[in-house]
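Here are my notes on this one, point by point. Have a look at the model first, then read on.

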Amino acid sequence: MAEYIEFEKDHHEHHHKETFITKYIFSQDHKMIAKQYLFTGVFFMGIIGILMSILMRMQIAWPEQPNIIFDFILGKWAPDGVMDADIYLALVTMHGTIMVFFVLTAGLSGTFSNLLIPLQLGARDMASGFLNMLAYWLFFISTVLMVSSIFVEAGPAAAGWTIYPPLSALELAQPGSGLGMTLWLVSMAFFIASSLLGSLNYIVTVINLRTKGMSLTRMPLTIWAFFVTAIIGVISFPVLLSAALLLIMDRSFGTSFFLSDIFIQGEVLHYQGGSPVLFEHLFWFLGHPEVYIVLLPALGIASEVIATHARKPIFGYKAMIISILAIAFLSTIVWGHHMFITGMNPFLGSVFTFTTLLIAIPSAVKAFNYITTLWKGNIQFNPPMLFAIGFVSTFITGGLTGIILGDSALDINVHDTYFVVAHFHLVMGISALYGMLAGMYHWFPLMFGKMMNKNLGYIHFWVTAISAYGVFFPMHFIGMAGLPRRYYSNTNFPLFDDLADTNQIITMFAILGASVQLVFLYNFIYSMFYGKKATQNPWKSTTLEWTASQKQIHGNWQGKIPQVHRWPYDYSKPGYKDDFVPQHMPLKKGEEEY
Amino acid sequence: MISVFIVLILIFVSISLWQMIKIFDLSKAISGVKIDDSQIANDKDNTTQAKLMLAFLAFIYAITIFSIVKYGKFPLISNAASEHGEKIDTLMIWTLLLIFIVQIITQFLLYFFSFKYKGRKGAKALFYTDNHKLELMWTIIPAIVLTGFITYGLLTWSDVMNLQKDNDPMVVELYAQQFNWKARYAGNDNVLGKSNVRLIDIDRANILGLDENDPNAQDDVITTELHLPVNRPILFVMRSQDVIHSAYMPHFRAQMNCVPGMVTKFSFTPTVTTKEMRENPSMIDKVININNIREEKNKELAFSGEEPLDPYQFDYLLLCNKICGKSHYNMQMKIIVETEEEFKNWYKNQTLFKNSLIAQN
């Protein structure tokens, strides 16, 4: 081990002279790459994604009315300020794609896996800095392609983020299925390549580069979550790639993998023998694990943040690991619950109902463990802690309605209604967002050596929390009233007239919630430059990242890498004066680990 | 341009507010009051935030009660209009009950603990790492409860989806295309004629692609309204000619995708006629409420010189519930459930397929 450390140190000194380009642009330092993901994935794409959702919400609340904001932002797609129906579907599609893949997959994992895996494990960098750089730049290309698709003549992809063929395959079916969809598919191909390179790197790093003493059961739960997330990604993303490639074949080369017997716009197409349901299977084989790719990092971050700020060990550390593994395993065998009413064999529906509802068990274990961690804690309400508690709250609220959607018999009537929209936004959208924000507030001092303003953080959390419930809680009920999602306007259905006022209230909460993110953005950027200087370990945390050099050097630690002697949650341990004992402190004579 | 101004004004207002707070802080510093600018929560913050936690718990409860009162009477949670619909509704109510109980308890524990165990300087938390009994408890209890719900759910599911159980259902085809629905009745033989989109011949008005030589097709009837006799099992056979659509009949708790290239099936027995549903007290309330809303809107429309909206009368609907293109939001078909006799009278006046074809040359 000693030899390894010496070698690494040598290695790092050779690289000391860095130019602007190798330091900030084609950087191989995991900390810089994490920041690159943060700015491209979370901030840039996040702003676009949120803005799209606000445009959609305004259309739903005040349907088919001229609106100066539409006129200003959408231009030719809002003739006389009235949003076009095709562009509404494009907004639905792009909002979903951007938020799920770019913000909550690449943004969340890219930022925090990159930042924390080497630092919390005591490694000088990722296993391959070069692959890591490559992964980021593939992601960058994917981002550029996806954003450029918004500006093509016929508009971006508009078949929903699930891009079911034939709608997504035929330009005759809708204008967005032309060049916009081609760019979407190519962008996703780059995205998947990036995700796979990134994930492989995370897995290899976690397996090989743990510092001395960092056994698997001494890893922080963040690392466990990132590790398992990467494994799920490696298993499921290639399936989406194959689906995308086959769809490209169908679209451009005349094959019939997903298409058969189609008569559209007065002509019979040549396709024969394919099945759209096959695409649905391939898509959801990624699509459902994707939910956990989004959620698990947030679970990991929440575990770390809650333990640190409650000054109390996470309750049931091993149970938490087992439940992460159980969720990961189950996540790969439940995809069919998205397809109960696609004409799939009802018996298969029964199997998927069974496996789906099983996920409630490890999820319940996690929720109760968080709550027990708070019990008799010494809770320090720093902004990250607020978001972590908010995370547990929305994880429960959103997760519980999964019992309805996972039950095939009940799904019949709420499938594809606003009930679904409310469910997944709470359980994966808002929850993952809370986890991400908790992480940003918590590790901001590590990333930038500065503190964020706490009062702005408090305002940010409470307004976000109220808006999140204000938007998504009533949405369950309009869904149970039968209002289908992805409708450009509900005015053709007098049946739904009594839901119009609820839709307006939801939109107002959405605008409020989106606006308050500007406070966060301001706080973040202002604090980056003018924030108060952070101390070495501002939250008095036990994990290794807070022992690294504050100078952000490539190689993380100036001298030797610290060794690990204990688990990561020795908070308020009896026998110590301080209420935390860092992982690199040796055990006292006769002290039990935990 | 006004929107840009509004945005700019909002930004300036927030910046000035922020500056004022800073001036306030600075003036405090000058007057000698020591400020904690560590940006780490102190006891004062902990106390305030702990109280807010409790207030937020109250907010969640309030929004829950408000929603149940406001939306609880929606006919879509009660008043199913099909035989299996009532079973689904019962399951739904039990599941909702479970969800509300768990939600109320867990949110209480979460926010109450947050409130109660707020940090104090110098205090120490309890070092409590695990307790196998507790963990076993919240593994086994959810497992037992879920076993019950899974079993109940699966029994209901197989009940709903078992297409063979009905004796002699009436066969009706639902045919989807961008952006409308057609219904095809099988005629006296109750067997649908063979069909394929490749046989569509617009010039001969063979719009659903029926096999003109198939004897079973001759007495098929194609309509743009779906009439169903009450209390008679119906087997829906679904097709789509272009993209995936979904036949969603919320009042009957029925939904099934229509997939091009394949045939999907769903079956139910309507139990309440349109007329009966219109006379249902809660439906009368709903319709009155909707008409009041439309009256309000008419006042606005009259003001801007537009045509008023028609008064609303309840009808069952078939909606498209799978994104299918530009007019997805307006792809609907009226469903009329009527007595056997009314149905027969209506059916008599429909044109048979063989008579609907336009002879060429």
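1. R486(A) sits in the loop between α17 and α18 (500-530) of chain A; helices here are DSSP runs of H or I with at least four residues, strands are runs of E with at least two, and both are numbered from the N terminus. Its phi is near 60 degrees, which is positive for a residue other than glycine. R486(A) counts as buried because 20 other C-beta atoms lie within 10 Å. The cut-offs: buried takes 20 or more other C-beta atoms within 10 Å of the residue's own, exposed takes 12 or fewer, partly exposed is in between, and the C-beta atoms are placed from the backbone.

2. Before you go further: this is a predicted model, where local features need pLDDT of at least 70 and side-chain atom pairs count only at pLDDT 80 or more, while totals for chains, interfaces and linings use all residues. Residues are numbered from 1 along each chain as its sequence is written, and chains are lettered from A and ligands numbered from 1 in the order in which they are written.

3. D416(A) is another one to check. It is not a glycine, yet its phi is positive at about 60 degrees. D416(A) lies in the loop between α15 and α16 (418-448) of chain A, and it is classed as buried because it has 23 C-beta neighbours inside 10 Å. K376(A), which follows α12(A), also has a positive phi, near 55 degrees. For background, most residues other than glycine have a negative phi, and most peptide bonds are trans.

4. On that second count, look at two cis bonds. P165(A) to P166(A) is cis, with omega near 0 degrees, and P166(A) is in the loop between α6 (129-149) and α7 (179-208) of chain A. In chain B, the bond joining Q178(B) and F179(B) is cis with omega about -5 degrees. F179(B) belongs to the loop between β1 and β2 of chain B.

5. That loop closes a hairpin: β1(B) and β2(B) have two residues between them. Strand β1 (residues 170-177) and strand β2 (residues 180-185) of chain B run antiparallel and are joined by six bridges; two strands pair if DSSP finds at least two bridges between them. A176(B) stands opposite W181(B) in β2(B).

6. How are the strands around this hairpin ordered in the sheet? The sheet is open, has five strands in the order β3-β2-β1-β5-β8 (chain B), and is mixed in its pairing. β3 and β8 (264-268) of chain B are the edge strands, each pairing on one side only. Direction ignored, neighbouring strands are turned by 25 degrees against each other on average (axes are lines fitted to C-alpha atoms, for helices over the stretch in contact, and angles run from 0 to 180 degrees between N-to-C directions).

7. Towards the edges, β2(B) pairs with strand β3 (residues 221-223) of chain B in the antiparallel sense over three bridges, and A183(B) has T223(B) as its bridge partner in β3(B). Strand β5 (residues 234-240) of chain B runs antiparallel to β8(B), with five bridges. There, M238(B) is matched with T264(B) in β8(B).

8. Chain B as a whole has eight helices and 10 strands. Its radius of gyration is 31 Å, whereas a compact globule of 361 residues would be near 21 Å (taken over C-alpha atoms; the rule is 2.2 Å times the number of residues to the power 0.38). Its C-alpha atoms fill a box of roughly 100 × 65 × 45 Å along the principal axes. Buried residues make up 34% of the 361 residues.

9. Back in chain A, helix α12 (residues 360-374) has 15 residues and should span 21 Å at 1.5 Å a residue, which agrees with end C-alpha atoms 21 Å apart; the expected span is 1.5 Å times one less than the number of residues. 15 of the 15 residues of α12(A) are buried.

10. Finally, the interface: 108 residues of chain A are in contact with 102 residues of chain B, where contact puts C-beta atoms, placed from the backbone, within 7 Å. Helix α17 (residues 454-480) of chain A gives the most to the chain A side, with 10 residues.

Conventions:
Contact = placed C-beta atoms within 7 Å.
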